[in-house]
Amino acid sequence: MLDTTESEAAPQKDEPRGCLFALSQPPLMIFLAVIGCLILMAALHDLLLL
């Protein structure tokens, strides 16, 4: 039979998990903003200056 009891490895109910929790972290958002700006600058350079 399948054991449906809550184990110690299972995440607790009161802790938020998932993608939205990961995106709410400031270092990740800063990193993604820097990467996005670099890609945007490269795209504008290719479109307008070359």
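Here are legends for a few close-up views of a predicted model.

**View 1. The whole protein is built with 2 helices and 0 strands.** Helix H1 covers residues 19-23, and helix H2 runs over 26-49. Looking for a buried core? Buried residues make up 0% of the 50 residues here. The protein exposes about 4900 Å², and carbon and sulfur atoms supply 72% of that area.

**View 2. A nonpolar patch sits on the surface and takes up about 1100 Å².** Among the residues that make this patch are Leu20, Leu23, Leu28, Met29, Ile30 and Phe31. Leu32, Val34, Ile35, Leu38, Ile39 and Met41 belong to the patch too. Helices H1 and H2 each give two or more residues to the patch, but H2 chips in the largest share, with 10 residues.

**View 3. Zooming in on Val34, a patch member.** You'll find Val34 in helix H2. Is Val34 buried, partly exposed or exposed? Val34 counts as partly exposed because its relative accessible area is 45%, which lies between the 20% and 50% cut-offs.

Methods:
Residues are numbered from 1 along each chain as its sequence is written. This is a predicted model: local features need pLDDT of at least 70, side-chain atom pairs count only at pLDDT 80 or more; totals for chains, interfaces and linings use all residues. Side-chain values use heavy atoms; hydrogens and water are left out. Patches are made of residues with over 30% relative accessible area and no salt bridge: like charges are joined within 9 Å, nonpolar side chains (Val, Leu, Ile, Met, Phe, Trp, Tyr) within 5 Å. Accessible areas come from the Shrake-Rupley method with a 1.4 Å probe; for residues, only the protein chains shown count as cover. A salt bridge is a side-chain nitrogen of Lys or Arg within 4 Å of a carboxyl oxygen of Asp or Glu. Helices (H or I, at least four residues) and strands (E, at least two) are DSSP runs, numbered from the N terminus. Buried means under 20% relative accessible area, exposed over 50%, partly exposed in between (1.4 Å probe, protein chains only).
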